[in-house]
Amino acid sequence: QAHVAESGGGSVQAGGSLRLSCIRSGFTYSNGRANACMGWFRQAPGKEREGVAAIFMDSFPIYYADSVKGRFTISRDNAKNAVYLQMDSLKPEDTAMYYCAAGPRSLCGLGDSIFTFWGQGTQVTVSS
């Protein structure tokens, strides 16, 4: 059965870096191509979930939220069926539960409603 799973969260001081990983597994060839959009989302306590970055597993473009442009980098490794989120210059306001998700390529972007497969989340805490 298709699913995605995140790892790599933790606690870091402001200005530090973390790298999140997301592994896709259980996708058939056709299902994998249909759900080639991979997104990173985050949700802080008391706030709505927001899109952070999104990428196609096999093409472009790449999408970033304005709040993370220049600090976060999303990348992929097709051989490992993996997507990564490199987070640099972290700020306390980046503190949240981070989720990885897979969704249809035709609707790829930062809107969470189109994503079908969601991971359990990994906590990122940035202290000042």
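Student: Where is the place of Asn-81?

Tutor: The loop between β7 and β8 holds Asn-81, where strands are DSSP runs of E of at least two residues and helices are runs of H or I of at least four, both numbered from the N terminus. This is a predicted model, in which local features need pLDDT of at least 70 and side-chain atom pairs count only at pLDDT 80 or more, while totals for chains, interfaces and linings use all residues. Residues are numbered from 1 along each chain as its sequence is written, and side-chain values use heavy atoms, with hydrogens and water left out.

Student: Why does Asn-81 count as partly exposed?

Tutor: Buried means under 20% relative accessible area, exposed means over 50%, and partly exposed lies in between (1.4 Å probe, protein chains only). Asn-81 has 37% relative accessibility, so Asn-81 counts as partly exposed. The backbone of Asn-81 also deserves a look, since phi is positive, about 50 degrees, although the residue is not a glycine.

Student: Which residue in the loop between β8 and β9 has a place of its own in this account?

Tutor: That residue is Ser-89, whose phi is near 50 degrees, again a positive value in a residue other than glycine. Ser-89 is at 42% relative accessibility and therefore counts as partly exposed.

Student: What makes the link between Cys-22 and Cys-100 a disulfide?

Tutor: A disulfide is a pair of cysteine sulfur atoms within 2.5 Å, and the S to S distance of Cys-22 and Cys-100 is 1.9 Å, so the pair meets the criterion. The torsion about their S-S bond is about -70 degrees, so this disulfide is left-handed. Cys-22 lies in strand β3 and Cys-100 in strand β9 (residues 96-103), and the pair therefore ties together parts that are 78 residues apart in sequence.

Student: Why does Cys-22 count as buried, and why does Cys-100?

Tutor: Cys-22 is at 0% relative accessibility and so counts as buried, and Cys-100, also at 0%, counts as buried too.

Student: How many disulfides does a search of the whole structure find?

Tutor: The search finds two. In the link of Cys-37 to Cys-108 the S to S distance is 2.0 Å, and with 70 degrees about the S-S bond this link is right-handed. Cys-37 lies in strand β4 (residues 37-43) and Cys-108 in the loop between β9 and β10 (117-118), so the pair ties together parts that are 71 residues apart in sequence. Both Cys-37 and Cys-108 are buried. Counting bonded cysteines along the chain, the pattern is 1-3, 2-4.

Student: Which strands make up the open sheet, and in what order?

Tutor: The open sheet of four strands has the order β1-β3-β8-β7, with antiparallel pairing, and two strands pair if DSSP finds at least two bridges between them. At the edges are β1 (3-7) and β7 (72-77), each of which pairs on one side only. Strand β3 (residues 18-25) and strand β8 (residues 82-87) are joined by six bridges and run antiparallel, so the pair satisfies the criterion of at least two. Leu-18 stands opposite Met-87 in β8.

Student: In what sense do strand β2 and β11 pair?

Tutor: Strand β2 (residues 10-13) and β11 pair in the parallel sense over four bridges, and the bridge partner of Ser-11 in β11 is Thr-125. The pairing of β9 and β11, by contrast, is antiparallel over three bridges, with Ala-96 opposite Val-124 in β11.

Student: Which side chains along strand β11 are buried, and which are not?

Tutor: The side chains of strand β11 (residues 122-127) alternate: Thr-122, Val-124 and Val-126 point to one face and are buried, whereas Gln-123, Thr-125 and Ser-127 point to the other and are not.

Student: What makes the peptide bond from Phe-60 to Pro-61 cis?

Tutor: Its omega is near 15 degrees. Pro-61 is found in the loop between β5 (50-56) and β6 (62-64).

Student: Why does Trp-118 count as partly exposed?

Tutor: Trp-118 has a relative accessible area of 24%, so it is partly exposed. Trp-118 is found in strand β10, and its C-alpha is 30 Å in space from that of Ser-128, although the two are 10 residues apart in sequence.
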